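Reader: I would like to learn how to read a single residue and then a sheet in a model. Could we go through one example of each?

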Amino acid sequence: MSAVTPGTSPHGAHHSQHVADAAERRWAYVVISIMAVIVVVMIVTGLHWASMPPSRVETVDVKTLHLRGEFVESNLGTAMASDGTVTVRLVAQQYSFMPPCMVVPAGIPVTFRGTSTDAIHGFIVGTTNANTMLVPGFVATFTTSFPKAGEHLMPCHEYCGTGHEGMWARVQVLPQEEFLAKARGGERLSCVHR
Ligand code: CUA
């Protein structure tokens with residue numbers, strides 16, 4: 001039996017062509033399955049988590065942020081509306097969050113609404129799924145709930161300058177009864193000690 005060098009005999013050429021076809025087919029299957037996984041992930045997140053691409057982007061004027069509208073200082077912190085919905089409004093700036101300590105209830109959905117006055121900041125609350133970027137000129141919003149009472153650290157997680165490591169806030173999760181007792185007055189709540 002003679003050794004066949006690929007490409008030198010009709011049989012060898014045919015053989016290497018066959019190997020190349022098989023390899024290409026294998027890669028095609030890999031690519032198709034990656035695409036299938038991505039489509040499944042999109043369908044699952046879309047249907048199950050009701051999430052979607054940000055089609056309704058809310059903007060806010062950085063120049064008048066401190067002067068009027070939703071993000072004036074007196075409106076920051078936690079508010080409970082008359083229908084019982086809880087909203088936390090916050091502003092990020094180099095290198096702090098306002099308010100630096102936020103109060104939320106356990107077991108009630110909480111909507112965060114935040115923006116930034118200068119650079120891109122971000123935050124994550126402890127080990128929860130509360131995690132977003134804060135971009136100047138845009139309002140970041142998401143809703144989450146905290147299953148149990150306790151305290152979380154809320155660091156800035158987008159590099160925003162030399163003071164980035166020192167930029168963090170605290171989130172206090174209060175038992176539902178305690179929170180509702182405090183929130184009933186309707187004023188803005190925070191756990192900033194004065
Ligand atoms: Cu703000 Cu990093």
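Author: The model is predicted. Start with Thr78, which lies in strand 1, residues 77-80.

Reader: Is Thr78 buried or exposed?

Author: Relative accessible area decides that, and buried means under 20%. Thr78 has a value of 1%, so this residue is buried.

Reader: Which residues does Thr78 touch, leaving out those up to four places away in sequence?

Author: Thr78 touches Val86, Thr87, Val88, Val103, Phe179, Glu187, Arg188 and Leu189. For Val103 there is a polar detail as well: the side chain of Thr78 reaches the backbone oxygen of Val103 at 2.6 Å.

Reader: Now the sheet. What is the order of the strands in the open sheet of 3 strands?

Author: In general, strands of a sheet pair through backbone hydrogen bonds, either parallel or antiparallel. Here the order is 4-10-9, and the pairing is mixed. Strand 4 (101-105) and strand 9 (150-155) are the edge strands, each pairing on one side only. From one strand to the next, the twist averages 25 degrees.

Reader: How many bridges join strand 4 to strand 10?

Author: There are 5 bridges, and strand 4 runs parallel to strand 10, residues 168-174. As one case, Val104 has Val173 in strand 10 as its bridge partner.

Reader: Which strands does helix 2 touch where it packs on the sheet?

Author: Helix 2, residues 176-183, touches strand 4 and strand 10. The direction of helix 2 makes about 105 degrees with that of strand 10.

Terms used
Residues numbered from 1 in each chain as written. Predicted model: local features only at pLDDT ≥ 70, side-chain atom pairs only at ≥ 80, totals over all residues. Heavy atoms only, no water. Pairing = 2+ DSSP bridges. Helix = DSSP H or I, 4+ residues; strand = E, 2+ residues; numbered from the N terminus. Axes fitted to C-alpha atoms, helices over the stretch in contact; angles between N-to-C directions. Contact = heavy atoms within 4.5 Å. Buried < 20%, exposed > 50% of the residue type's maximum accessible area, 1.4 Å probe, protein only. Polar contact = N/O pair within 3.5 Å; in protein donor to acceptor, adjacent residues only side chain to side chain.
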